[in-house]
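I sat down with a new model today and wanted to know how its parts pack together. These are my notes, in the order I looked things up.

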Amino acid sequence: MTLFLIVAAFFSVHCAAVRQVTDERAPFFPVDDQQQASEYFQCTRQCRWYHGFFNSNIVGKRTAVHAGGLFNALGRYCTCYEGQRLLGEPVIRFSKKEFDTVNTWSGSGDTGFDSNFVCVESSQGTLSTMTTDEARAAVVQEGGTALHCGRCSACSARKDIEVLARTRRWITQVLTKVSARYAAPWGHGNSTRLADEIEAAGIGFSRTRMDGRADLPTCMDVWVDNIMCDAATCKSKCWSKFFTAQNMKTSIADPKWWQLNAQCLKCDEDNCGPAFIKGAGANRRSSGIESDIARPEWQKCHMGLYSGVADELLPTDPSP
């Protein structure tokens, strides 16, 4: 009997300890905006990548798994929540992403850039994702317009693709300046102000969606999130951008250590690019517009709004 009581007491203490560890690991919900903003929403971004990309109810909390709550601010993991529900085990805070080459016009190395989907605007102005053959038929038979290769998403509206064309000669340099004011060690760190400054610079990405949904990101949201991702992930590669916004057209295939611009672009493409194109749908490459990165012919979309259109014929805004 005495042995039974000792064993029961042991398990009681053990279970209490387990509950305590579990409670300590689970912060109060919701994780507030200030906590998320302090790390550029990196854990929320990472949790959505693993548990539901378009689910805005998912948030992440930076966590030190083995060190306890005292060291969470320095943690290498993210604890994920949907509402008040804990989503599995913590996920690593930073990871190289794989492109969704089935649904987006994307890829890496010698693979990808072969999605069989096209975003098409009907003659009534609505957007639909179609297969390549369906898109060709819609264009010829129904007066539709192919907008970009890959599925429709937040930046697929003709208005947002036109922004890419009009600003193509200076958007990277201007966004770099605006981003530096946000992400530099002396930056303001306010994502709403970042969006306002992007718009004020003449880069008018949509801040409401064509479908009116408030539970999904707008085109501006996707661009702001990409900048926050770069701020969280690529500062060690992009530090020179805090001092110069110059972006010469370059290749990012195996950049050398002294090729700072290529190193920065490569970091963005490897770590932030997959989420960006999944959220945006349309970028310059998928819409048929030349970008700042030298691309081989096989990576170019030939069913974009501006595919095959000479540069001098594209709508063009002067640099602000």
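The entries below go from the whole chain down to single residues.

**Entry 1: the overall picture**

I reminded myself before anything else that this is a predicted model. I then pulled the secondary structure of the protein chain, and I got twelve helices and nine strands. The chain has 320 residues, and buried ones make up 46% of them. I also looked at contacts between residues at least 6 apart in sequence: 61% of these join residues at least 24 apart.

**Entry 2: rings**

How many aromatic pairs does the structure hold? I count seven. One of them is Phe-53 with Phe-54, an edge-to-face pair at 4.8 Å centre to centre, with 90 degrees between the planes. Are these two rings buried or exposed? Neither label fits: Phe-53 is partly exposed at 23% relative accessibility, and Phe-54 is partly exposed too, at 37%.

I moved on to Phe-205 and Trp-223, whose ring centres are 4.7 Å apart. Their planes make an angle of 15 degrees, and the cut-off for stacking is under 30 degrees, so I noted this pair as stacked. Where do the two residues sit? Phe-205 is in the loop between α7 (191-200) and α8 (219-233), while Trp-223 belongs to helix α8 itself, so the pair ties together parts that are 18 residues apart in sequence. Both rings belong to residues that I logged as buried: Phe-205 has 2% relative accessibility, and Trp-223 has 12%.

Back at the edge-to-face pair, I found that Trp-49 joins Phe-53 and Phe-54 in one aromatic cluster. Phe-53 also has a charge over its ring: the charged end of Lys-278 sits there, 5.9 Å from the ring centre. I found another such arrangement at Phe-117, where the charged end of Arg-151 is over the ring at 4.0 Å from its centre.

**Entry 3: α8 and α11**

Since Trp-223 is in α8, I checked what that helix packs against. Its axis and that of helix α11 (residues 273-280) come within 9 Å and cross at roughly 175 degrees. Angles over 145 degrees count as roughly antiparallel, and therefore α8 and α11 get that label. Which residues make the contact? From α8 they are Val-222, Trp-223 and Asn-226, and from α11 they are Phe-276, Gly-279 and Ala-280. By class, I get four nonpolar residues, two polar ones and no charged ones.

**Entry 4: Cys-219**

I stayed in helix α8 for Cys-219. This residue is buried, with a relative accessible area of 1%. Which residues does Cys-219 touch, leaving aside neighbours within four places in sequence? I listed Ala-154, Cys-155, Asp-160, Phe-205 and Ser-206. Phe-205 is the residue I had already met as the stacking partner of Trp-223. For Ser-206, the C-alpha atom is 5.4 Å from that of Cys-219, with their positions 13 residues apart along the chain.

**Entry 5: Ala-157**

Next I looked up Ala-157, which is in the loop between β9 (145-149) and α5 (158-166). Buried or exposed? Ala-157 has 9% relative accessibility, and under 20% counts as buried, so buried is what I wrote down. Not counting residues up to four places away in sequence, Ala-157 touches Leu-127 and Met-210. I also checked its C-alpha distance to Glu-121, 36 residues away along the chain, and got 8.2 Å.

**Entry 6: α3 and its surroundings**

In helix α3 (residues 42-51), I found Gln-42, Cys-43, Thr-44, Arg-45, Gln-46 and Cys-47 buried. What do the buried residues of α3 pack against? I noted α2 (33-37), β1 (58-63), β2 (77-82), β4 (91-92) and, once again, α8. After α3 comes Gly-52, with a positive phi near 155 degrees.

**Entry 7: positive phi**

Most residues other than glycine have a negative phi, so I made a note of exceptions. Phe-41 is one: its phi is positive at about 60 degrees, and the residue is in the loop between α2 and α3. Phe-113 is another, with phi near 55 degrees. I placed Phe-113 in the loop between β6 (111-112) and β7 (117-121), and Phe-113 is buried at 5% relative accessibility.

Definitions and conventions
Residues are numbered from 1 along each chain as its sequence is written. This is a predicted model: local features need pLDDT of at least 70, side-chain atom pairs count only at pLDDT 80 or more; totals for chains, interfaces and linings use all residues. Side-chain values use heavy atoms; hydrogens and water are left out. Rings of Phe, Tyr and Trp (its six-membered ring) pair if their centres lie within 6.5 Å; planes under 30 degrees apart count as stacked, over 60 as edge-to-face and the rest as tilted. Buried means under 20% relative accessible area, exposed over 50%, partly exposed in between (1.4 Å probe, protein chains only). Helices (H or I, at least four residues) and strands (E, at least two) are DSSP runs, numbered from the N terminus. A charge sits over a ring if NZ of Lys or CZ of Arg is within 6 Å of the ring centre and within 35 degrees of the ring normal. Contact means heavy atoms within 4.5 Å. Axes are lines fitted to C-alpha atoms, for helices over the stretch in contact, and angles run from 0 to 180 degrees between N-to-C directions. Angles under 35 degrees count as roughly parallel, over 145 as roughly antiparallel, 65 to 115 as roughly perpendicular and the rest as oblique. Ala, Val, Leu, Ile, Met, Phe, Trp, Tyr, Cys and Pro count as nonpolar, Asp, Glu, Lys and Arg as charged, and the others, Gly among them, as polar.
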